[in-house]
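Student: I would like a close look at a single part of this protein, with its surroundings worked through in order. Please keep the account plain.

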Amino acid sequence: AAYSMGTTEFDWGNIVYGARVERTDFATTGNQVIDGVATAIDASNDYTNILPSLHVNIDLAQDWKLRLSATTGISRPTYTEARASQSVDPTNRTISGGNPDLDAEESIGFDGSLEWYFDTASILSAGVFHRRIDNVIYPGGATVDGSNFAPGVFAAGEQVPYNTFLNGEDGRLTGLELNLIYSAAEFLPSPFDGFGVSGNITFLYSEFFAP
């Protein structure tokens, strides 16, 4: 990974901009039972992501700040999600395994927040955000003939759940966040001047399409 970043200052605030380049090279080995025979799997995946970002910070007043940003990002599959192997649970009659063909989640995000620094070490803020996410990773699966994966454990033709991970499409995440941090240092005597109030509430809506 490598990144480049710059900041331009103005009388009204500043603009922070940059880009991050990430190269991923992933390989996983394991075994899969195909037609009753344990077969070695050697799967790999590699990709390069260019992730630009732009942040605008506007000083509306000495104690008021407006922030706007556009960002991009990725979230790679975890080891459990991408491992090239499967496990059989004879007690619960299930099969589970990873999916080495998973793509990383890719997102484009837009954020805006209004912040009021109303007292020492105190802030009241409201922020809105929206994300468009592609390749959403989610747990899914199908029903399969268990004897193809574990003959002797499952009877021929026995249908069992096969649990793995898949990529979804057209993910969207939108929310509103309210935040309060209030320090009591201005009106409580020592040793109570370290007390205060901190609270946060987020309203979130999300959806994606599972093919």
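Which residues make the nonpolar surface patch of about 410 Å²?

Tutor: The model is a predicted one, and what follows is computed from it. The patch of about 410 Å² is made by V128, L176, L178, I201 and F203. Two elements give two or more residues to this patch: β11, residues 169-183, and β12, residues 196-209.

Take F203 as an example of a patch member. F203 sits in strand β12. Its relative accessibility is 46%, so F203 counts as partly exposed. The cut-off for exposed is over 50% and that for buried is under 20%, with partly exposed in between. A residue enters a patch at over 30% relative accessible area, which is why a partly exposed side chain such as F203 at 46% can belong to one.

From the patch, follow β11 to its neighbour. Strands β8 and β11 are antiparallel and pair over eleven bridges. At one position in this pairing, R131 stands opposite L173 in β11. On β8 there is also the pairing with β7: strand β7 (residues 105-119) and strand β8 (residues 122-134) run antiparallel and are joined by twelve bridges. Within that pairing, S113 has G127 in β8 as its bridge partner. The hairpin of β7 and β8 has two residues between the strands, and A121 takes a positive phi near 55° there. As background, strands of a sheet pair through backbone hydrogen bonds, in either the parallel or the antiparallel sense.

R131 also has a side-chain contact. A salt bridge joins R131 to D111, with the closest N and O atoms 3.0 Å apart. This pair links distant parts of the chain, since R131 is in strand β8 and D111 is in strand β7, 20 residues apart. R131 has a relative accessible area of 22% and is therefore partly exposed. D111, with 25%, is partly exposed as well. In general, side chains of opposite charge can pair when their charged atoms come close.

The structure as a whole has seven salt bridges. Another of them joins D59 and K65, at 2.4 Å from N to O. Here D59 counts as partly exposed at 38% relative accessibility, whereas K65 counts as buried at 18%. E22 and R20 also form a salt bridge, and their closest N and O atoms are 2.5 Å apart. E22 is buried, with a relative accessible area of 11%, while R20 is partly exposed, with 34%. R20, E22 and R76 are linked in a network of salt bridges.

Now to the aromatic side chains on the strands that have already come up. Six aromatic pairs are found in the whole structure. In one of them, F118 and Y182 form a tilted pair, 5.4 Å centre to centre and with 40° between the planes. F118 lies in strand β7 and Y182 in strand β11, so this pair ties together parts that are 64 residues apart in sequence. F118 counts as partly exposed, at 28% relative accessibility, and Y182 counts as partly exposed, also at 28%.

A further tilted pair is formed by Y138 and F208, with 5.2 Å centre to centre and 45° between the planes. Y138 is in strand β9 and F208 in strand β12, 70 residues apart, and the pair links these distant parts of the chain. Y138 is buried, with a relative accessible area of 12%, whereas F208 counts as partly exposed at 38%. Returning to F118 and Y182, these two form one aromatic cluster with W64 and W116.

Strand β9, which holds Y138, leads to another sheet description. Four strands form an open sheet in the order β5-β6-β10-β9, with mixed pairing. The edges are β5 (86-89) and β9 (137-145), and each has a single partner strand, so one side of each is left without a neighbour in the sheet. From one strand to the next, the twist averages 25°. At the β5 edge, four bridges join β5 to strand β6 (residues 94-97), and the two run antiparallel. There V88 stands opposite I95 in β6.

To return to the part asked about: V128, L176, L178, I201 and F203 make the nonpolar patch, and β11 and β12 each give two or more residues to it.

Methods. Residues are numbered from 1 along each chain as its sequence is written. This is a predicted model: local features need pLDDT of at least 70, side-chain atom pairs count only at pLDDT 80 or more; totals for chains, interfaces and linings use all residues. Side-chain values use heavy atoms; hydrogens and water are left out. Two strands pair if DSSP finds at least two bridges between them. Axes are lines fitted to C-alpha atoms, for helices over the stretch in contact, and angles run from 0 to 180 degrees between N-to-C directions. Patches are made of residues with over 30% relative accessible area and no salt bridge: like charges are joined within 9 Å, nonpolar side chains (Val, Leu, Ile, Met, Phe, Trp, Tyr) within 5 Å. Accessible areas come from the Shrake-Rupley method with a 1.4 Å probe; for residues, only the protein chains shown count as cover. A salt bridge is a side-chain nitrogen of Lys or Arg within 4 Å of a carboxyl oxygen of Asp or Glu. Buried means under 20% relative accessible area, exposed over 50%, partly exposed in between (1.4 Å probe, protein chains only). Rings of Phe, Tyr and Trp (its six-membered ring) pair if their centres lie within 6.5 Å; planes under 30 degrees apart count as stacked, over 60 as edge-to-face and the rest as tilted.
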